[in-house]
Every structure is written in structure tokens, then in C-alpha cells.
Amino acid sequence: ASGVGRFVDNAGYIQAWRVAQHPESMFEIIYTTPENIGVNTSLQTTYTTLVELGNRTRTGGFGDLVPTANLLAALESEREGTRVLDIRRQLYELGTAGRGTAEIECTKFFGRSGAVNLDNVPVIRFSELYFNRAEANYMLGNEADALRDLNLVRTRAGLPARTADLKGQALLDEILKQRRLEFAFEGQRWFDLKRRGQDIVKLPLTIPFTDFRILAQIPTGEINNNPKLRQNFGY
């Protein structure tokens with residue numbers, strides 16, 4: 001009711017990533033032109049080699065982080081004939097060969113209003129509130145309410161609503177799947193896996209949740225300054 005952030009509909013979803021401020025943002029980190037961190041470290045250059053959507057003749061960024069085949073398969077898992085239903089798949093396209101082998105790349109962060117390598121960063125989007133509530137309701141046993149919020153995001157993505165026969169573990173799996181697809185490349189996946197005690201799939205390895213690397217090392221200086229502080233396991 002505050003007017004801060006609004007749930008974008010299906011027709012406006014892709015365009016929401018092309019404007020100066022994401023309309024779903026409840027909280028967003030804003031960058032101004034003098035703060036443009038450029039081709040070496042911006043999100044645009046990290047995720048894509050493209051400078052213009054659909055133009056593979058110009059190479060800009062490095063495209064170091066690209067979607068796995070598993071993520072793309074999940075985005076393409078629901079079809080009508082050969083047509084992929086999930087509108088979120090449109091945010092991924094083939095990059096250039098200017099940095100090596102061309103890969104499918106994420107274009108969520110693509111230069112605000114045409115300014116290359118200048119993007120605000122949504123930290124909390126309106127759709128996250130629906131996912132948080134859906135997961136919480138599932139854990140409380142309120143499956144009908146969880147399904148209702150799940151379907152709000154599914155139908156916005158262009159997918160058909162799931163019916164009440166989606167229950168139990170299958171319902172939770174679908175909530176977590178759609179959360180993964182919705183927030184891919186927005187910095188959520190690592191924390192979602194950690195808070196749920198799940199293994200970290202990081203090709204070519206799978207890091208078990210019990211692996212000491214799940215927690216970072218506490219700096220030696222901090223340990224030396226506080227004799228009561230214990231180093232994390234494994235370091």
C-alpha cells in the first residue's frame with residue numbers, strides 16, 4: 001500500500017529490466033553516471049558480452065558467468081508444442097564470439113536506459129514477497145495459501161496455474177524451482193541453498209552442505225585479537 005514496488009504483469013515483465021529503476025523494487029541500490037564501474041566489474045560485463053540486444057557483431061563485456069544447461073532446461077521445461085511458455089527465457093540470448101566460444105548469456109542487467117555497464121541493482125523485488133510467503137505458508141501447513149502465491153508468479157511468467165492436486169513435497173519443490181528461475185543471476189541461489197541445508201552444485205563439483213567450505217574462514221587477525229573466538233571448522 002506504500003506505493004514502493006508493484007507486481008509487474010506478464011506484458012511488462014521483460015521491459016521492467018530495461019528501464020532506469022525496476023518497477024518491482026522494494027529496495028534497490030542506485031548507481032549514477034559518475035559511479036559507473038565499467039567494463040571490468042559491472043554486472044553487465046560479468047553476465048554478457050553483448051552491447052546491444054540481438055547484435056552479435058559488437059563485443060563489449062566478458063560474459064564470465066553464464067547459465068548452466070540445467071537452468072536453461074528448467075526455463076524451457078514447459079512448452080506448448082515447440083513454443084517455450086516461460087517469458088523469463090527471453091532474458092537469455094546467445095552472446096558474441098568476441099571473447100571465445102559464444103554462450104547463452106543473461107541480459108537482466110543490460111545498461112540502464114541505454115547507458116552501457118550502468119545498472120541499478122534490485123535487492124528486494126515485489127515477487128520475492130510472494131515467494132517468501134508461499135514458502136512460509138507451506139512450512140506452516142497452509143498449502144492452499146502457498147499454492148495461491150506460487151500461481152501468481154507462475155501465471156505472470158506465462159505458465160499455467162497449478163491445481164490443488166499439487167501437494168506436499170511436490171508443492172515445495174515447485175516453489176523452490178520457480179524461485180530459482182525468477183531470481184537467477186540476482187544473487188539469491190547460494191543463500192537459498194544454504195538456509196535450507198542443501199548441497200551446493202558448482203560445476204564440476206557438488207559441495208555437500210556439511211563441507212567446511214560452506215562457511216568462509218574467519219580472518220586470522222580477528223582470531224588473534226579475540227582469544228575467545230574460534231575458527232570455523234576445517235581451516
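This dialogue walks through several features of a predicted model.

Reader: What helices and strands does the chain have, and how many of each?

Author: Start with the overall picture. This is a predicted model. The chain has 8 helices and 10 strands. Its C-alpha trace spans about 60 × 50 × 40 Å along the principal axes.

Reader: How many of the residues count as buried?

Author: Buried means under 20% relative accessible area. Of the 235 residues, 39% count as buried. The accessible surface of the chain comes to about 13100 Å². Carbon and sulfur atoms hold 55% of that surface.

Reader: What share of the contacts comes from residues 24 or more positions apart?

Author: Take the contacts with a separation of 6 or more. Residues 24 or more positions apart account for 57% of them.

Reader: Now a helix. Why does the span of helix H6 agree with its 15 residues?

Author: The expected span is 1.5 Å times one less than the number of residues. H6 covers residues 168–182, so it should span 21 Å. Its end C-alpha atoms are 21 Å apart, which agrees.

Reader: Which residues of H6 are buried?

Author: First the general idea. An α-helix has 3.6 residues a turn, so residues three or four places apart point the same way. Now the case. The buried residues of H6 include Leu171, Leu172, Ile175, Leu176 and Leu181. Polar and charged names are on the list too, among them Glu174, Gln178, Arg179 and Glu182.

Reader: What covers the buried residues of H6?

Author: The cover includes helix H3 (69–75), strand S8 (121–125) and helix H4 (126–139). Helix H5 (143–156) and helix H7 (189–195) also belong to it.

Reader: H5 appears there. What does H5 reach from its first C-alpha to its last?

Author: H5 has 14 residues and reaches 20 Å, close to the 20 Å expected at 1.5 Å a residue. Its buried residues include Ala146, Leu147, Asp149, Leu150 and Val153. The buried residues of H5 pack against S8, H4 and H6. Just after H5, Gly158 takes a positive phi of about 95°.

Reader: Is Asp149 buried or exposed?

Author: Compare its relative accessible area with the 20% cut-off for buried. Asp149 has 4%, so it is buried. Asp149 sits in helix H5.

Reader: Which side chain makes a polar contact with the side chain of Asp149?

Author: That of Arg133, at 2.7 Å. Leaving aside neighbours within four places in sequence, Asp149 is in contact with Tyr130, Arg133 and Ala134.

Reader: Over to the strands. Where is Ser25, and what does Ser25 touch?

Author: Ser25 lies in strand S1 (residues 25–29). Ser25 has a relative accessible area of 7%, so it is buried. Its side chain makes a polar contact with the side chain of Glu28 (2.3 Å). Not counting residues up to four places away in sequence, Ser25 touches Val4, Gly5, Pro122, Ile124 and Arg125.

Reader: Ile124 is on that list. Why does Ile124 count as partly exposed?

Author: Partly exposed runs between the 20% and 50% cut-offs. Ile124 is at 33% relative accessibility, so it counts as partly exposed. Ile124 is placed in strand S8.

Reader: Which residues form the nonpolar patch on the surface?

Author: Phe27, Ile29, Val123, Ile124 and Leu129 form the patch. Together they have about 390 Å² of accessible area. S1 and S8 each supply at least two residues of the patch. Ile124 thus appears twice here: in contact with Ser25, and in the nonpolar patch.

Note on methods
Residues are numbered from 1 along each chain as its sequence is written. This is a predicted model: local features need pLDDT of at least 70, side-chain atom pairs count only at pLDDT 80 or more; totals for chains, interfaces and linings use all residues. Side-chain values use heavy atoms; hydrogens and water are left out. Helices (H or I, at least four residues) and strands (E, at least two) are DSSP runs, numbered from the N terminus. Buried means under 20% relative accessible area, exposed over 50%, partly exposed in between (1.4 Å probe, protein chains only). Contact means heavy atoms within 4.5 Å. A polar contact is a pair of N or O atoms within 3.5 Å; within protein, one must be able to donate a hydrogen and the other to accept it, and residues adjacent in sequence count only if both atoms are side-chain atoms. Patches are made of residues with over 30% relative accessible area and no salt bridge: like charges are joined within 9 Å, nonpolar side chains (Val, Leu, Ile, Met, Phe, Trp, Tyr) within 5 Å. Accessible areas come from the Shrake-Rupley method with a 1.4 Å probe; for residues, only the protein chains shown count as cover. A salt bridge is a side-chain nitrogen of Lys or Arg within 4 Å of a carboxyl oxygen of Asp or Glu.
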